[in-house]
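Q: I would like a close look at a single part of this model, taken slowly and with its surroundings in view.

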Amino acid sequence: MAKVHDGVSGECVRRVAGKFRGIHVGLLGASLCVLLYLGLVSLERGEGIVPVLLPVATNLTLTVFGAFAVGLMWEISSKRALVGEVQSHSDELLRDVGLSVSLASQGILIATTKFHSGVPWEKYFLEADEIDVCWWAGFAWLQQHRSSIEAAVQRNGARFRYVIPDVRDCDVLAQMVAASGVREEEIKVENDKVMNMLRCLNVKVDLHRVKRVPRYGMVRLGSRVIFFPYSMLEGRPQDRPTFVLDGDTALGQTFLRDFNGLLDNAQKDDSAV
């Protein structure tokens with residue numbers, strides 16, 4: 001045990017000596033400058049280039065001492081603070097990575113509050129062989145991604161299904177008004193805008209009208225399922241908490257089963273598009 005202790009002590013001594021080797025070099029340089037300065041001061045009354053060298057030596061001495069002081073302060077305080085800060089950020093990063101791995105293992109690929117900009121829509125469209133959309137309307141999203149939808153259907157042969165509440169049904173419309181506080185006229189206008197946009201697409205659209213009002217919005221692009229819960233607050237923001245699920249995981253399959261159950265009770269409408 002004594003040998004182990006002696007070995008540890010020796011290693012500590014070597015580490016301390018190595019840490020302060022730079023300080024010793026700085027002290028030696030400063031001492032030489034001091035000696036040079038004192039020698040020049042003693043010869044100041046003589047003739048030659050001494051009066052010219054004296055200001056230079058003075059500035060050099062002050063510079064070296066300043067650098068030494070800064071270096072000493074760094075070694076004593078700042079370095080310790082920086083190491084602590086780096087360690088803090090490292091711990092935070094490791095926690096974030098661990099959380100990301102944990103979420104991904106459960107099937108959650110992305111969690112964001114930016115529905116429009118926080119999801120890599122274009123990448124998902126490029127790989128999509130199926131497109132399913134389910135929400136109350138979705139005109140702004142359709143308008144933004146119209147060309148990507150058309151390209152995915154034409155390039156990949158993707159099936160495109162659009163599921164929307166049947167606002168022609170008075171009970172469904174009443175449920176939407178009660179849940180959102182939006183007037184009937186506004187809901188119908190948004191529905192008409194979506195119908196017109198779907199008709200303008202240069203692809204085949206399978207339109208399904210549901211009698212049950214969905215409490216979430218969903219876009220399925222291949223194996224990715226993007227969904228968000230509806231906020232029923234007045235003046236709800238366009239961006240909302242959004243999650244991207246891996247459709248091949250247990251969580252994604254559970255969500256898709258719910259969507260398929262909604263679709264089973266839907267009425268396909270071939271006349272609208």
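Against which elements do the buried residues of helix 6 pack? Please describe the helix itself as well, from its start to what follows it.

A: In this predicted model, the buried residues of helix 6 pack against strand 3 (159–165), helix 7 (184–200) and strand 4 (206–210). Helix 6 spans residues 170–180, and its buried residues are Val-172, Leu-173, Met-176, Ala-179 and Ser-180. Because these residues cover an arc of only 130° around the axis, they lie on the same side of helix 6. Cys-170, Asp-171 and Ala-178, by contrast, are exposed on the other side of the helix; here buried stands for under 20% relative accessible area and exposed for over 50%.

The two ends of the helix can be described in turn. At the start of helix 6, the backbone nitrogen of Asp-171 has a side-chain oxygen of Asp-169 within 2.8 Å, and the side of the helix on which Asp-171 is exposed is the one opposite the buried residues. Just after helix 6 comes Gly-181, which takes a positive phi of about 80°.

Taken together, the picture is of a helix whose buried residues, including Leu-173 and Met-176, share one side and pack against two strands and a helix, namely strand 3, strand 4 and helix 7, while exposed residues, among them Cys-170 and Ala-178, are found on the other side.

Key
Residues are numbered from 1 along each chain as its sequence is written. This is a predicted model: local features need pLDDT of at least 70, side-chain atom pairs count only at pLDDT 80 or more; totals for chains, interfaces and linings use all residues. Side-chain values use heavy atoms; hydrogens and water are left out. Buried means under 20% relative accessible area, exposed over 50%, partly exposed in between (1.4 Å probe, protein chains only). Helices (H or I, at least four residues) and strands (E, at least two) are DSSP runs, numbered from the N terminus. The arc is that of the directions from the helix axis to the C-beta atoms. Contact means heavy atoms within 4.5 Å. A polar contact is a pair of N or O atoms within 3.5 Å; within protein, one must be able to donate a hydrogen and the other to accept it, and residues adjacent in sequence count only if both atoms are side-chain atoms.
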